[in-house]
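User: Could you take a close look at the sheet in this one and walk me through how it is put together and what packs against it?

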Amino acid sequence: MALCRCIEEHSWPRGKENIYVAYVYPIGYPTTAALCPLCQRSGVIWLNEDEANAVEAGQRIIKMKTNSVWLKADDRPIVRRT
Ligand SMILES: [Zn+2]
């Protein structure tokens, strides 16, 4: 499930159940309401493989881990780990 974390300090998060392979920008980034819960910087949306594939196929509404909020990505391409 997708996570919100900043790029500057908490990038490439590691989950117990998810391997994060890509991220996408929430609408408005970097002036966004989506904040990294660890440091309050603006956050991006980290995606596992299935979520990254869905975003590449056109899905822009992303259900976040815990389902407490869904975020909408902007039109920039996703950034995959190289
Ligand atoms: Zn952070």
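Analyst: Let's start where strand β2, residues 22-24, meets β6: the two run antiparallel and are joined by two bridges. One residue to look at there is Ala22, whose bridge partner in β6 is Arg80. Keep in mind that this is a predicted model.

Now step back to the whole sheet. It's an open one with four strands in the order β1-β3-β2-β6, and the pairing is antiparallel. The edges are β1 (3-5) and β6 (79-80), each of which pairs on one side only. Helix α1, residues 49-56, packs on this sheet and touches β2, β3 (44-47) and β6, with its direction at about 115° to that of β3.

For context along the chain, there are six strands and one helix in total. Reading from the N terminus, they come as β-β-β-α-β-β-β.

What sits in the core, then? The largest nonpolar core has 20 residues, and the ones with the most contacts inside it are Tyr23, Val24, Ile45, Trp46, Leu47 and Ala73. The elements giving it two or more residues are β1, β2, β3 and α1. Strand β3 makes the largest contribution, with four residues.

Ala73 is worth a stop of its own. Leaving aside residues up to four places away in sequence, Ala73 touches Val24, Tyr25, Pro26, Ile45, Val55, Arg60 and Ile62. Two of those, Val24 and Ile45, are also on the list of residues with the most contacts inside the core.

That kind of reach along the sequence shows up in the overall contacts too. Of the contacts with a separation of 6 or more, 63% are between residues 24 or more positions apart. As for burial, 29% of the 82 residues count as buried.

For contrast, try Arg14, in the loop between β1 and β2. Arg14 has 7 C-beta neighbours inside 10 Å, and because 12 or fewer counts as exposed, Arg14 is classed as exposed. Its C-alpha atom is separated by 18 Å from that of Ile62, which is 48 residues away along the chain. Ile62, you'll recall, is one of the residues touching Ala73.

Last, the overall dimensions. The C-alpha atoms fill a box of roughly 30 × 30 × 30 Å along the principal axes. A compact globule of 82 residues would have a radius of gyration near 12 Å, so the 11 Å of this chain agrees with that expectation.

Conventions:
Residues numbered from 1 in each chain as written. Predicted model: local features only at pLDDT ≥ 70, side-chain atom pairs only at ≥ 80, totals over all residues. Rg over C-alpha atoms; globule rule 2.2 N^0.38 Å. Contact = placed C-beta atoms within 7 Å. Pairing = 2+ DSSP bridges. Axes fitted to C-alpha atoms, helices over the stretch in contact; angles between N-to-C directions. Core = buried A, V, L, I, M, F, W, Y, C linked by C-beta atoms within 7 Å.
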